[in-house]
Amino acid sequence: MKYAGFVTTEIDFIQVQIPSDNDTVLMMEMGTPTAEGWDVFSVMLAGIVKGVRLFDDSRERPVTPG
């Protein structure tokens, strides 16, 4: 698609949202303009999400969505 002399590329995104107890949301997003990138990006994002640990202010217990 051309717009004002620029070529734009459609980029597809994968997004993960993790709610917390203090009414905030941790959002992680990755995107790729090529279908070939999805295998790599989805595995990469899954690894990042699995490593997320949220703690309360006292750092004594993990905070997990109810």
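# Reading one chain, turn by turn

Student: In strand β4, which residue is the bridge partner of F13?

Tutor: We are working with a predicted model, and the pairing to look at is the one between strand β3, which covers residues 12–19, and strand β4. These two strands run in the antiparallel sense and are joined over eight bridges. Within that pairing, the residue of β4 that forms the bridge with F13 is G31.

Student: In the hairpin of β3 and β4, which residue takes a positive phi?

Tutor: Between the two strands of this hairpin there are five residues. A positive phi near 65 degrees is found here, and the residue that takes it is D23.

Student: What pattern does the chain follow when it is read along the sequence?

Tutor: It helps to begin with the inventory, since the secondary structure comes to one helix and four strands. Placed in their order along the sequence, these elements give the pattern β-β-β-β-α.

Student: Is T32 buried or exposed?

Tutor: T32 belongs to strand β4, which spans residues 25–32. Leaving aside neighbours within four places in sequence, T32 is in contact with I11, D12, G37, W38 and F41. Its relative accessibility is 3%, and because the cut-off for the class lies at under 20%, T32 counts as buried.

Student: How many Å separate W38 and D12 in space, C-alpha to C-alpha?

Tutor: W38 sits in helix α1, and with 23% relative accessibility it counts as partly exposed. Beyond its neighbours within four places in sequence, W38 is in contact with D12, F13, I14 and T32. W38 and D12 are 26 residues apart in sequence, while the distance between their C-alpha atoms is 9.1 Å.

Student: Which side chain is joined to that of E29 by a polar contact of 2.7 Å?

Tutor: E29 is a residue of strand β4, and it is partly exposed, with a relative accessible area of 42%. Not counting residues up to four places away in sequence, it touches F13, I14 and Q15. From E29 to I14 the C-alpha distance is 5.7 Å, although the two are 15 residues apart in sequence. The side chain that shares the polar contact of 2.7 Å with E29 is that of Q15.

Student: What is the accessible area of the nonpolar patch that V40, M44 and I48 form together?

Tutor: One member, V40, is found in helix α1, which covers residues 38–50. V40 has a relative accessible area of 52%, so it is exposed, because that class begins at over 50%. Taken together on the surface, V40, M44 and I48 offer an accessible area of about 260 Å².

Student: How far apart in space, C-alpha to C-alpha, are F55 and S20?

Tutor: F55 lies in the segment after α1, and at 43% relative accessibility it counts as partly exposed. Along the sequence, F55 and S20 are separated by 35 residues, whereas in space their C-alpha atoms are separated by 9.5 Å.

Student: Of the area that the chain exposes, what share do carbon and sulfur atoms supply?

Tutor: For the chain as a whole, buried residues make up 12% of the 66 residues. The chain exposes about 5600 Å², and the share of this area supplied by carbon and sulfur atoms is 57%.

Student: Among contacts between residues at least 6 apart in sequence, what percentage join residues at least 24 apart?

Tutor: W38 and D12, with their positions 26 residues apart in sequence, are in contact. Counting over the whole chain, among contacts between residues at least 6 apart, the part that joins residues at least 24 apart is 25%.

Conventions. Residues numbered from 1 in each chain as written. Predicted model: local features only at pLDDT ≥ 70, side-chain atom pairs only at ≥ 80, totals over all residues. Heavy atoms only, no water. Buried < 20%, exposed > 50% of the residue type's maximum accessible area, 1.4 Å probe, protein only. Contact = heavy atoms within 4.5 Å. Areas by Shrake-Rupley, 256 points an atom, 1.4 Å probe, with all protein chains shown as cover. Patch = residues over 30% accessible without salt bridge, like charges linked within 9 Å, V, L, I, M, F, W, Y side chains within 5 Å. Salt bridge = Lys/Arg side-chain N within 4 Å of Asp/Glu carboxyl O. Pairing = 2+ DSSP bridges. Polar contact = N/O pair within 3.5 Å; in protein donor to acceptor, adjacent residues only side chain to side chain.
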